[in-house]
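The report below works through a single model, moving from one of its helices to a metal site and then to a few individual positions. The reader may wish to keep the structure in view while following it.

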Amino acid sequence: MTELLISAFIKNKDDLKNHKVRQAYGTMGGAVGIFCNILLFAGKLTAGILTGAISITADAFNNLSDAASSIITLVGFRMAGRPADKNHPFGHGRIEYISGLLVSLAILLMGFELLKSSADKIFRPEDIVFRPVSIGILIVSILVKFWMSAFNKKVGNLIDSEAMKATATDSLSDCIATTAVLGGMLIFKFAGINVDGYVGILVAGFVMWAGFGAAKDTLSPLLGTAPDVELVEDIQNEVLDNELIVGVHDIIVHDYGPGRRMISLHAEVPYNVDILEAHDVIDNIEYHLMHKFNCDATIHMDPVVTDDEETNEARMMVEKIVKECGPELSIHDFRMVEGKTHNNLIFDLVVPYECDQEVGDITTYIRKEIRRHRENYFAVIKVDRSYI
Ligand SMILES: [Zn+2]
Ligand SMILES: [Zn+2]
């Protein structure tokens with residue numbers, strides 16, 4: 001069946017590296033999801049009305065919420081692809097996250113309504129009617145969701161899509177929910193016990209859990225997350241590949257959605273190279289980054305003194321003190337300004353968020369240690385929090 005769908009709807013189905021082909025797979029997956037879920041919703045809503053069971057109705061809305069998510073993903077994908085314009089020079093990539101957030105809020109609200117109705121059925125039970133056709137609908141529904149799980153897993157692995165693999169897992173958990181509903185109906189039929197309200201609460205819990213997870217997934221990229229470690233390493237390697245560059249720091253990656261990245265970083269160059277030559281190298285690196293990572297890149301040049309004995313010694317001393325204070329700490333942009341009575345050591349100190357010491361305590365310690373080693377050295381420290 002999966003093979004049949006792929007052959008029927010996807011041209012050049014083996015050209016998986018092609019962006020357009022991958023997009024076609026994604027669209028087909030979404031369309032199959034919407035079609036199946038709306039059918040399941042209609043079937044279960046009918047069964048819910050026929051039997052009067054809130055658990056079946058809740059399960060129907062569980063499938064409707066899946067259909068809504070798929071629709072938003074497809075529409076959001078289209079809107080996010082709209083090119084940048086005068087009012088939105090960063091493009092429209094984040095629409096995908098915003099639409100996802102709206103849908104997850106709607107799902108949460110729906111889950112809460114189902115929870116309320118189910119609780120109501122526990123305190124004021126109403127008669128439910130056993131209908132063989134509703135059992136048939138539930139069994140078919142479980143089978144369809146099993147197939148959807150396998151389908152999404154297969155296509156998800158084929159095009160390596162996290163979203164489709166997540167849908168596969170979600171379909172499996174829907175199987176469990178529907179099995180519980182089926183079990184509740186069978187208990188009613190054969191033991192004469194009405195557990196409809198309790199099963200309804202269970203299904204409402206499923207719906208709310210899914211909504212909560214989806215909200216979390218879309219909120220993070222909206223607030224801005226740290227970039228992938230591999231991406232940062234790739235950027236560093238690309239920049240350091242140039243002989244002139246002796247160090248990189250202060251990398252910031254802004255992500256405005258797929259294909260809309262802005263990168264800025266500081267590149268350290270020896271203080272005595274020709275400024276025109278250095279600028280030329282920097283421009284070339286910006287150009288390379290732009291093409292390799294499909295981004296805008298801005299590089300700030302930091303001159304470093306590499307051939308002064310006293311500066312080198314002072315920097316090594318400060319680096320040692322900083323590492324003693326905390327192995328996760330690092331410094332950059334080190335300069336020494338010599339004066340009549342004392343020398344100023346000016347540098348930036350990077351304190352990562354995972355460091356549990358107080359920033360004030362760290363700087364006080366470093367200042368004190370530096371003065372203990374060399375009485376005429378003053379530390380001028382600027383504290384950076386890491387963006388990577
Ligand atoms: Zn710098
Ligand atoms: Zn320039």
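On the side of helix α11 that is turned away from its buried face, the exposed residues are Asp 361, Lys 368 and Arg 372. The model is a predicted one. The buried residues of α11 are Ile 362, Thr 363, Ile 366, Glu 369 and Ile 370, and, seen down the helix axis, the buried residues fall within an arc of 130°, so they line one face of the helix. Among the elements that cover these buried residues are α10 (309-325), β5 (343-350) and β6 (377-384).

A second helix, α6, also carries buried positions, including Met 164, Ala 168, Asp 174, Cys 175, Leu 182 and Phe 188. The end-to-end spans of the two helices are set out in the table.

| Helix | Residues | Length | Expected span | C-alpha span |
|---|---|---|---|---|
| α11 | 359-373 | 15 residues | 21 Å | 22 Å |
| α6 | 162-191 | 30 residues | 44 Å | 43 Å |

For α11 the span between the end C-alpha atoms agrees with the expected value, and for α6 the reach from first to last C-alpha is close to what is expected at 1.5 Å a residue. Helix α6 is followed by Gly 192, which has a positive phi, near 70°.

**The zinc site**

Which residues coordinate the zinc ion (ligand 1)? The donors are His 249 through NE2, His 266 through ND1, and Asp 302 and Asp 333, each through OD, at 2.0 to 2.2 Å. Along the chain these donors follow the spacing H-x16-H-x35-D-x30-D. His 266 belongs to strand β2 (residues 261-270) and Asp 333 to strand β4 (residues 330-338), so this pair ties together parts that are 67 residues apart in sequence. The angles subtended by the four donor atoms run from 87 to 149°, which makes the arrangement irregular; a tetrahedral assignment would require all angles to lie between 85 and 135 degrees. Asp 333 is itself buried, with a relative accessible area of 15%.

Glu 268, which also lies in strand β2, is buried at a relative accessible area of 13%. The side chain of Glu 268 is joined to that of His 249 by a polar contact of 2.8 Å, and His 249 is one of the zinc donors. Leaving aside neighbours within four places in sequence, the residues in contact with Glu 268 include the zinc donors His 249, Asp 302 and Asp 333, and among the others are Leu 244, Val 246, Val 304 and His 332. By contrast, Glu 268 and Thr 179, which are 89 residues apart in sequence, have C-alpha atoms 62 Å apart in space.

**Two further positions**

Is Ser 134 buried or exposed? With a relative accessible area of 0%, Ser 134 is buried; this residue has its place in helix α5 (residues 132-159). The side chain of Ser 134 reaches the backbone oxygen of Arg 131 at 2.5 Å, and, when residues up to four places away in sequence are not counted, Ser 134 touches Ala 47, Thr 51 and Ile 56.

Val 229, in helix α8 (residues 229-240), counts as exposed at 56% relative accessibility. Although Val 229 and Ile 388 are 159 residues apart along the chain, their C-alpha atoms are separated by 7.6 Å.

Technical notes:
Residues numbered from 1 in each chain as written. Chains lettered and ligands numbered in written order. Predicted model: local features only at pLDDT ≥ 70, side-chain atom pairs only at ≥ 80, totals over all residues. Heavy atoms only, no water. Donors = N, O, S within 2.8 Å, 3.2 Å for Na, K, Ca; no water. Tetrahedral: all angles 85-135°; square planar, octahedral: opposite > 155°, others 65-115°. Helix = DSSP H or I, 4+ residues; strand = E, 2+ residues; numbered from the N terminus. Buried < 20%, exposed > 50% of the residue type's maximum accessible area, 1.4 Å probe, protein only. Contact = heavy atoms within 4.5 Å. Polar contact = N/O pair within 3.5 Å; in protein donor to acceptor, adjacent residues only side chain to side chain. Expected span 1.5 Å × (residues − 1). Arc of directions from axis to C-beta.
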